[in-house]
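Colleague: Could you take me through one part of this model slowly, and then show me how the surroundings fit in? I would like a close look at a single helix to start with.

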Amino acid sequence: MIACGHLEFRTNGKDRHGNVRYRCKHCGKTWVEVRHVKPLGAMKVPVEKAKMILRLLVEGSSIRSAERLTGVHRDTICKLLVHFGEACRRFLDERMQGLKLTHLQFDEQWTYVAKKQSRLTMTERAESSEQGDIYLWTCVDQKTKLMPSFLIGKRSADNARRFMMDVASRLTMPNPHASDAHAFQPAGYLAVVQISTDGFAAYPEAVDLAFGPYVRYGTIIKEYKNASMIYTPSEMIGTKRTGIRGIEGRQARTICTSHVERLNGTQRLFLKRLNRLTLCFSKKLENLEAAFAIFAASYNYCWQTRMPGKSGKKRPTAAMMAGLAGHVWSFDELFAAVLTARTQS
């Protein structure tokens, strides 16, 4: 749209949102041609129906169930899943920064993509890391219930290091001056967070690489009995807690992974592709990553965990507890925030 009435103008670069800026050749006045970016890009699904589909998926429905309920083809639903999931991942990467957390619990949850590990051929095992057994690397803060990051891949030492480095980059680390002697007190490193993990052998090296001396770290190994049959509940008969760094004596009682293991149950409940003893599983790693990113965004900003006991009272959301949000977000708010951040990036 011409702003000054003259008919001769030229382009004059772009603004920070990528909109073309124009300049009149006669009076020098400049203006911007605003591009109306659709939140769903080139997809022709109505926005309200897209919200309904995504809400069904977040609440535990399967792809084909959402297809039957909405009348939208499953291929279109998968495209919508990937589109919104990638936007959720970028949204979380932007928001989960400068965090101040107290006790992070780490765990890996098993699932599979395309086929189980025993069904892979020797060629598939050698050439592809996107099929077979896949693990969801998650962590949760014991106090706020925030899930600051996640990683999806094989259960390897390399992924353990990558995941720990990513989580460490999201926390507020102290400057070197904080370790100096103050008020006649001896110098010492200031631990920013406590970390609890299971006995996976790759964790100690990964924690040391990511956090160095600025962490309290311990492992817990749980012992079970009557676990001879698969998928049957087992009885825990004991635990072995070991302080690796900064945890000694009675402090070992604080080592715990129960909260992140409870989160595993929530994930299996609300992600249909993780339901056990069903026909549901992920056919592509891309779809699994997108579905989990949507779950993580919804869990942090929309989901309210319950208080202990039988009161049924709900806590504020994890994002509220961590100071990232001021109220409980609805899914419509999350949808708008995620796709607005995507179109402006």
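Modeller: Happy to. Let's take helix H3, residues 74-95: its 22 residues reach 31 Å from the first C-alpha to the last, close to the 32 Å expected at 1.5 Å a residue. Please keep in mind that this is a predicted model.

Which residues of H3 are buried? They are Ile-77, Leu-80, Leu-81, Val-82, His-83, Phe-84, Gly-85, Ala-87, Cys-88, Phe-91 and Leu-92. When you look at that list, it helps to recall that an α-helix has 3.6 residues a turn, so residues three or four places apart point the same way.

One name from that list leads on to the core. The largest nonpolar core has 83 residues, and Phe-84 is among those that touch the most other members, together with Leu-104, Phe-106, Met-164, Ile-195, Phe-211 and Tyr-301. Helix H8 gives this core its largest share, twelve residues. In soluble globular proteins, nonpolar side chains tend to be buried together.

Tyr-301 brings us back to the helix we began with. Leaving out residues up to four places away in sequence, Tyr-301 touches Phe-91, Leu-92 and Arg-95, as well as Met-96, Thr-317, Ala-319, Leu-324, Ala-325, Val-328 and Trp-329. Of these, Phe-91 and Leu-92 are also on the list of buried residues in H3.

Two more of the well-connected core residues, Leu-104 and Phe-106, meet at Val-167. Val-167 sits in helix H5 (residues 157-169), and it counts as buried because its relative accessible area is 0%. Beyond its neighbours within four places in sequence, Val-167 is in contact with Leu-104, Phe-106, Cys-139, Ser-149 and Phe-211. From the C-alpha of Val-167 to that of Tyr-214, 47 residues apart along the chain, the separation is 13 Å.

Phe-106 has an aromatic side to its story too: it forms one aromatic cluster with Trp-137, Phe-163, Phe-200 and Tyr-203. The whole structure holds 19 aromatic pairs. In the pair of Trp-110 and Tyr-112, the ring centres are 5.8 Å apart and the planes stand at 35 degrees, so the pair is tilted. Its two members differ in exposure: Trp-110 is partly exposed at 24% relative accessibility, whereas Tyr-112 is buried at 16%.

Now for two residues with unusual backbones. Most residues other than glycine have a negative phi, and most peptide bonds are trans. Lys-145, though not a glycine, has a positive phi of about 65 degrees; it lies in the loop between strand S5 (132-141) and strand S6 (150-153) and is buried, with a relative accessible area of 13%. Leu-277 has a positive phi as well, near 55 degrees. Its place is the loop between helix H7 (258-270) and helix H8 (285-301), and at 71% relative accessibility Leu-277 counts as exposed.

Finally, have a look at the open sheet of three strands, which runs in the order S1-S2-S3 with antiparallel pairing. Strand S1 (9-14) and strand S3 (30-33) are at the edges with a single partner strand each, so one side of each has no neighbour in the sheet. From one strand to the next the twist averages 35 degrees. Strand S2 (residues 20-24) pairs with S3 over four bridges; Arg-23 has Thr-30 as its bridge partner, and Tyr-22 stands opposite Trp-31. S2 and S3 make a hairpin with five residues between them, and Gly-28 in the turn has a positive phi of about 80 degrees.

Technical notes: Residues are numbered from 1 along each chain as its sequence is written. This is a predicted model: local features need pLDDT of at least 70, side-chain atom pairs count only at pLDDT 80 or more; totals for chains, interfaces and linings use all residues. Side-chain values use heavy atoms; hydrogens and water are left out. The expected span of a helix is 1.5 Å times one less than its number of residues. Buried means under 20% relative accessible area, exposed over 50%, partly exposed in between (1.4 Å probe, protein chains only). Two strands pair if DSSP finds at least two bridges between them. Axes are lines fitted to C-alpha atoms, for helices over the stretch in contact, and angles run from 0 to 180 degrees between N-to-C directions. A nonpolar core is a set of buried Ala, Val, Leu, Ile, Met, Phe, Trp, Tyr and Cys residues joined through side-chain atoms within 4.5 Å. Contact means heavy atoms within 4.5 Å. Rings of Phe, Tyr and Trp (its six-membered ring) pair if their centres lie within 6.5 Å; planes under 30 degrees apart count as stacked, over 60 as edge-to-face and the rest as tilted.
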